[in-house]
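Here are my notes on this one, in numbered points. Have the structure open beside you as you read.

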Amino acid sequence: MAIHGRSSFDLFDPRLLSLNRREFLRDIAGMALGSALVSGSPFLHGQTIRQKRKVIVVTFGGGARDQETFAPEGQANIPHLLQELAPQSSFFTHMTNQGILGHYVATASLITGVYETFNNFSAVPPANPTAFEYFRKDLRRPASNTWVVAPSNGFNRIGESDYRSYGPGFGAGVILPKHLLSAATRGKVDNLDHILRDNYETPLFTPVLGGGEVELQQLENVLKLSVEDFMSHARTLSSPDELSLYVVKQLMRQQSPSFLWLTMHDIDVAHTGAYSLYVEAIQRTDRLCADLWKAVQNDPEYAGNTTMFILPDFGRDADFVAGGNGFQHHRTGDPASRTTWMMALGAGVRQGVVYDRAVQSIDLVPTLGSLMGFTAGRAQGAPIRELL
């Protein structure tokens, strides 16, 4: 298969992956090359502005390859990202993840700015301070000001590290929508098993879904929802990520957090080997990202002062790598699984610009610190200068 005159084997070269993405975006979305413009973004840095600024980070659990997204044969799967969101964004075509390619540990690395090294399937907190802890401690923000909405397999510890100078007490609140649903059903599946499925990657790690009094209190006190209303809406949904977005919108309405992190996970159905379900999940994720951005624009607390970041935690294996399984897994560490992308859009972001410079996933936390006014003292990445 050829891509703009290049062989699919070019997917082994991360630089060419980046260049391909740039060409696709310039052709389809009419975006300009960032290096041709004056560096830096139009962010304004003042105490009043920072008090009002809100940041939302959306990560794709498991990521998606260019063949199913930015390559010509995949663009039909992401019409919202390509045609609506990318033209409003600064798009980084060459983001690398040099850490462990497991969803929980990779998300923890994104959240701490350090490549965490714990067992992906262990229910442990990150070893290094999270962005939420820096944010709350440095800026003296209350617990209600930052939340994480995440898939439930292991992510209950993602909001707060065990680093002595920060946690406990400075982390983000964590909401696991499937645990909410389990609590609401009181252990009865109630024909919602398609939403409650908790792990695709290995049958050896299928934890029993929790959900009890704490989750019921989250429904009532944080989300301001009755069990009946929550259940009624859940029955109209087709996937866990749709439930997560519903929870995020309710958080925005009821708590208006300044720092909100959403991890979506439907794409990880690829581990089952069902290509059609994998593509369907990409299409759904594309739609949900646009839906969230529309909600931001329609909420007076968020419209005009919110910056949203969208990025995969990592990619998936190329089709021709020895020991890999193509779209199904992310085991080889080849460029297709490590070279991803990021878009930033909203307040203070230059629109319609593509940047080819290589950045790392651990650069996100220092960048958030520079934008929001906190110091990410232990993060090992560097602020992304094009966004400052």
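1. Start at the pairing of β5 with β12: M95 in β5 has V359 of β12 as its bridge partner. The two strands run parallel and are joined by two bridges, with β12 covering residues 359-360. Keep in mind throughout that this is a predicted model.

2. β5 has other neighbours to look at. With β11 (residues 353-355), β5 pairs in the parallel sense over three bridges, and here F91 stands opposite V354. With β10 (residues 339-346) the pairing is antiparallel, over six bridges. F91 turns up again there, as the bridge partner of M343. So how many of the residues in β5 are buried? Eight of eight, across residues 89-96.

3. Now the salt bridges, of which the count comes to seven. Take E242 and R287 first: their side chains meet at 2.8 Å, N to O. This pair links distant parts of the chain, since E242 sits in α10 (residues 240-254) and R287 in α11 (residues 275-298), 45 residues apart. The two ends differ in exposure: E242 is buried at 11% relative accessible area, while R287 counts as partly exposed at 36%.

4. R316 and D268 make another salt bridge, at 3.5 Å from N to O. Which parts does this pair tie together? R316 is in the loop between β9 (306-312) and α12 (335-338), and D268 is in the loop between β8 (259-264) and α11, so the bridge connects parts that are 48 residues apart in sequence. Both ends are out of reach of the probe or almost so by the numbers: R316 is buried with a relative accessible area of 0%, and D268 counts as buried at 1%. If you are setting up protonation states, this is a pair to have on screen.5. Within α11, E280 and R284 form a salt bridge at 2.9 Å, N to O. The two residues are four apart in the helix, which means that about one helical turn separates them. E280 is partly exposed, with 40% relative accessibility, whereas R284 is buried at 11%. The pair also belongs to a network: salt bridges with shared partners join D266, E280 and R284.

6. Next, helix packing. At what angle do α6 and α10 pack? The angle is about 90°, and the axes are 9 Å apart. The two helices are therefore roughly perpendicular to each other, given that 65 to 115 degrees is the range for that label. From α6 (residues 177-185), the contact uses P177, K178, L180 and L181, which meet P240, L243, S244 and V247 of α10. By type, the residues of this contact divide into six nonpolar, one polar and one charged. Note that α10 is also the helix that carries E242, the partner of R287 in point 3.

7. Helix α5 (residues 131-139) has a run of buried residues: A131, F132, E133, Y134, F135 and R136. What covers them? The cover includes α4 (103-112), β6 (146-149), β8 and α13 (364-372). Just after α5, R140 takes a positive phi of about 55°.

8. Two further backbone spots have positive phi in residues other than glycine. One is K224, with phi near 60°. K224 lies in the loop between α8 (213-222) and α9 (227-234), and at 48% relative accessibility K224 counts as partly exposed. The other is S256, where phi is near 45°. S256 belongs to the loop between α10 and β8. Is S256 buried or exposed? Buried, because its relative accessible area is 17% and the cut-off for buried is under 20%.

Definitions and conventions
Residues numbered from 1 in each chain as written. Predicted model: local features only at pLDDT ≥ 70, side-chain atom pairs only at ≥ 80, totals over all residues. Heavy atoms only, no water. Salt bridge = Lys/Arg side-chain N within 4 Å of Asp/Glu carboxyl O. Buried < 20%, exposed > 50% of the residue type's maximum accessible area, 1.4 Å probe, protein only. Pairing = 2+ DSSP bridges. Axes fitted to C-alpha atoms, helices over the stretch in contact; angles between N-to-C directions. Parallel < 35°, antiparallel > 145°, perpendicular 65-115°, else oblique. Contact = heavy atoms within 4.5 Å. Nonpolar A, V, L, I, M, F, W, Y, C, P; charged D, E, K, R; others polar.
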